[in-house]
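Good morning, colleagues. Please look at the sequence and the model on the screen, and I shall then go through a few of the features in turn.

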Amino acid sequence: MPTRSPDSSARPRPTRERILDAAEERMRTIGLARATTKEIARAAACSEAALYKHFSGKEEIFVHVLKERLPPLNPLLDELGAGEASAARTVEQNLIEIARRAARFYEHSLPIAASLFAEPTLLRRHDEAMRSLGTGPHKPVEALAGYLRAELAAGRVRPGADPEAAAALLLGACSQRAILLSIGGGAEASQPLEDFAADIVRTLLAGIAPVGDAASSAGDGTAPN
C-alpha cells in the first residue's frame, strides 16, 4: 500500500509568515503601541531573535503588514505611475479603482495605526522610522499625484489642473470614510463602497462650480476633467 504524502495544509507556516500574521492580529486587537516585538514573537510562537532575523524592528514589520496583509493600494499606483494599462481605461475608471482600493486600505489600516495618536513620543519615533525606511502615509498621495501629472502631460486631464490637490482630495476622502466607519453609527450611515468611489471621483472630475462658471473654473486648476 503506497504511503500517503502529508497534507500540505498541516505543514507549519514559515516563520516570517507567522510573524506577519501575528503582528497584524496583535496590532489590530491591542494596538500598534502595545504590540511590542516581544508580544509579536510570543504570538508567532518564535523567539525575538528569530523575529530579528527577518525584520529590523517593529516599524519594518508594520510596513510589511501594510504591504502584504492589507488590501493592496501601492501596486496599482505604481502600475499607473509607470504608464502600464492606464491608457486602456479612462481617467475616471482609473480613479474609481484607486478610490475603491484606497477606501478598503484605510478602513483596514486605521484600527492598526490609531493607537499611535495616543502617545505623541511614540508617534514621532514611528514617523522618523517610517521616513528612514522610505515610506509613510504621504507616499500614496505622491504616487497618485505623479499619475495625474502623467495624464496631464498626455492631455487626458484639463490644463491647469493641480495634480497634488486632486490627489489629496481623493485620498483624503477615502481616509475620512475610514474614520467615520470606525465611529459608532458610521457604518450604518455610510454609502456602499462602489457608490462612494464613483460619486467622489465624478465630483472631483466635474468640480462643483455652476455650469455658467465653467470657463473661469477651468483656469483655476481646481479639478481635472
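In what follows, a residue is called buried when its relative accessible area is under 20%, exposed when that value is over 50%, and partly exposed in between. Please bear in mind that this is a predicted model.

By that criterion, Phe105 is buried, and Tyr106 is buried as well. These two residues form an aromatic pair with edge-to-face geometry, the ring centres lying 5.6 Å apart and the planes meeting at 70 degrees. How many aromatic pairs does the count come to? The count comes to one aromatic pair.

Phe105 also brings us to the largest pocket, since Phe105 is among the residues that lie nearest its centre, together with Phe62, Leu66, Gly136 and Pro137. In total, 32 residues line this pocket, and its volume is about 780 Å³. Which elements give two or more residues to the lining? They are helix H4 (58-69), helix H5 (74-81), helix H6 (91-113), helix H7 (120-132), helix H8 (138-153) and helix H9 (163-182). As to the character of the lining, 22 of its residues are nonpolar, seven are polar and three are charged.

Let me remain with helix H6 for a moment, where Leu95 is located. Is Leu95 buried or exposed? Its relative accessible area is 1%, and Leu95 is therefore classed as buried. Along the chain, Leu95 and Leu204 are 109 residues apart, yet their C-alpha atoms are separated by 9.8 Å.

I turn next to Arg156, a residue of the loop between H8 and H9. Why does Arg156 count as partly exposed? The reason is its relative accessibility of 27%, because the partly exposed class runs between the 20% and 50% limits. The side chain of Arg156 makes a polar contact with the side chain of Glu151, at 2.8 Å. A polar atom of the Arg156 side chain also lies 3.0 Å from the backbone oxygen of Arg89. Beside this, the C-alpha atoms of Arg156 and Thr90 are 8.4 Å apart in space, with their positions 66 residues apart in sequence.

A second arginine deserves mention. Where does Arg177 lie with respect to Phe196? Arg177 lies over the face of Phe196, at 5.3 Å from the ring centre.

To close, I return to the pocket: its lining of 32 residues includes 22 that are nonpolar, and Phe105, one of those nearest its centre, is the partner of Tyr106 in the edge-to-face pair. Thank you for your attention.

Terms used. Residues are numbered from 1 along each chain as its sequence is written. This is a predicted model: local features need pLDDT of at least 70, side-chain atom pairs count only at pLDDT 80 or more; totals for chains, interfaces and linings use all residues. Side-chain values use heavy atoms; hydrogens and water are left out. On a 1 Å grid over the protein atoms alone, a cavity is a set of points where a 1.4 Å probe fits but cannot get out, and a pocket is an open set with protein on both sides within 12 Å along at least five of seven lines; lining residues have an atom within 4 Å of a point. Grid points are joined across faces, edges and corners, and a volume is the space filled by probe spheres set on the points. Helices (H or I, at least four residues) and strands (E, at least two) are DSSP runs, numbered from the N terminus. Ala, Val, Leu, Ile, Met, Phe, Trp, Tyr, Cys and Pro count as nonpolar, Asp, Glu, Lys and Arg as charged, and the others, Gly among them, as polar. Rings of Phe, Tyr and Trp (its six-membered ring) pair if their centres lie within 6.5 Å; planes under 30 degrees apart count as stacked, over 60 as edge-to-face and the rest as tilted. Buried means under 20% relative accessible area, exposed over 50%, partly exposed in between (1.4 Å probe, protein chains only). A charge sits over a ring if NZ of Lys or CZ of Arg is within 6 Å of the ring centre and within 35 degrees of the ring normal. A polar contact is a pair of N or O atoms within 3.5 Å; within protein, one must be able to donate a hydrogen and the other to accept it, and residues adjacent in sequence count only if both atoms are side-chain atoms.
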